[in-house]
Amino acid sequence: MRVGYALDGDDSCIADARRHAAAFLDRASAEQHLPVSARARDLTALVVSELVTNTRKYAPGPVLLELRVTARVVEIAVWDSDPTMPAARAADPSRVGQHGLEIVKAVAEEFAVRREAVGKRITARIPLADGPGRGF
């Protein structure tokens, strides 16, 4: 199951992206009978929020959000037109803000950034079910 959304990049697009992700997981659970844990829902909302916020902050123009689900994971992909590749900053407990990418990398099972013909695509995968060693 896969869906894509074009977000216009205005102030409401972050909340819109979270709503789309929640509805997508609800549909995956109902239609595909996939077990989606509360943790997966929360982490999906967090990752969508962080990635779309970063795109909104650093890349002008539209944002594309793609969601895909398998029997095991939800894949979140965000595309923007800025070719600048993001980089997580070194840990600094005194820094206020700018921890979004660090958070996404910490909670995602897999994380990748890929340059596209125009811009870049950032992808994170979140397990649908809770399991051993997933104690966030």
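Strands, such as the one that holds A77, are DSSP runs of E with at least two residues, numbered from the N terminus. The model treated in these exercises is predicted.

**Exercise 1. Place A77 in the fold and decide whether A77 is buried or exposed.**

Step 1. A77 belongs to strand β3.

Step 2. The cut-off for a buried residue is under 20% relative accessible area. A77 has 4% relative accessibility and therefore counts as buried.

Step 3. Leaving aside residues up to four places away in sequence, A77 touches L64, L65, E66, R121, I122 and T123.

Step 4. A6 lies 71 residues from A77 along the chain, and 12 Å separates the C-alpha atoms of the two.

**Exercise 2. Describe how the two faces of β3 and of β2 are covered.**

Step 1. In a regular strand, side chains alternate between the two faces of the sheet.

Step 2. On one side of β3 stand V73, E75, A77 and W79, and on the other V74, I76, V78 and D80; all of these are buried, and both faces are covered. Counted over the strand, eight of the eight residues of β3 are buried.

Step 3. In β2, the covered face holds V63, L65, L67 and V69. The uncovered face of β2 holds L64, E66 and R68.

**Exercise 3. Work out the order of the strands in the sheet and trace the pairings.**

Step 1. The sheet is open, has five strands in the order β1-β2-β3-β5-β4, and is paired in the antiparallel sense. Its edge strands, β1 (2-7) and β4, each pair on one side only. From one strand to the next the twist averages 15°.

Step 2. β1 is joined to β2 (residues 63-69) by six bridges, and the two run antiparallel. Within this pair, V3 stands opposite L67 and G4 opposite E66.

Step 3. Six bridges also join β2 to β3, again antiparallel. The two strands form a hairpin, with three residues between them. Here L65 faces V78 as its opposite residue, and R68 stands opposite E75.

Step 4. The antiparallel pairing of β3 with β5 extends over eight bridges. V78 of this pair stands opposite I122 in β5.

**Exercise 4. Which strands do α1 and α2 meet on the sheet, and at what angles do they run?**

Step 1. Helix α1 (residues 13-32) lies across β1, β2 and β3 (73-80), and runs at about 165° to β1.

Step 2. Helix α2 packs on the sheet too, where it touches β1, β2, β3 and β5. The direction of α2 makes about 10° with that of β3.

Step 3. The loop between α1 and α2 contains H33. The cut-off for an exposed residue is over 50% relative accessible area; H33, with 65%, is therefore exposed. H33 has a phi near 55°, a positive value in a residue other than glycine.

**Exercise 5. Which residues of α3 are buried, and why do they line one face of the helix?**

Step 1. α3 spans residues 100-107, and its buried residues are G100, L101, V104 and V107.

Step 2. Viewed down the axis of α3, these buried residues fall within an arc of 140°, so they line one face of the helix.

Step 3. An α-helix has 3.6 residues a turn, so residues three or four places apart point the same way.

Step 4. The buried residues of α3 pack against α2 (38-58), β4 (110-115) and β5 (120-127).

**Exercise 6. Characterise the packing of α2 with α3 by distance, angle, handedness and residues.**

Step 1. Two packed helices are described by the angle between their axes and the distance between the axes. For α2 and α3, the axes come within 9 Å and cross at roughly 145°.

Step 2. The crossing in which α2 passes α3 is left-handed.

Step 3. From α2, the contact takes in L43, L46, V47, E50, L51 and N54. From α3, G100, L101, I103, V104 and V107 take part.

Step 4. By class, the residues of this contact divide into eight nonpolar, two polar and one charged.

Note on methods
Residues are numbered from 1 along each chain as its sequence is written. This is a predicted model: local features need pLDDT of at least 70, side-chain atom pairs count only at pLDDT 80 or more; totals for chains, interfaces and linings use all residues. Side-chain values use heavy atoms; hydrogens and water are left out. Buried means under 20% relative accessible area, exposed over 50%, partly exposed in between (1.4 Å probe, protein chains only). Helices (H or I, at least four residues) and strands (E, at least two) are DSSP runs, numbered from the N terminus. The arc is that of the directions from the helix axis to the C-beta atoms. Contact means heavy atoms within 4.5 Å. Axes are lines fitted to C-alpha atoms, for helices over the stretch in contact, and angles run from 0 to 180 degrees between N-to-C directions. A crossing is left-handed if the near helix is turned anticlockwise from the far one by less than a right angle, and right-handed if clockwise. Ala, Val, Leu, Ile, Met, Phe, Trp, Tyr, Cys and Pro count as nonpolar, Asp, Glu, Lys and Arg as charged, and the others, Gly among them, as polar. Two strands pair if DSSP finds at least two bridges between them.
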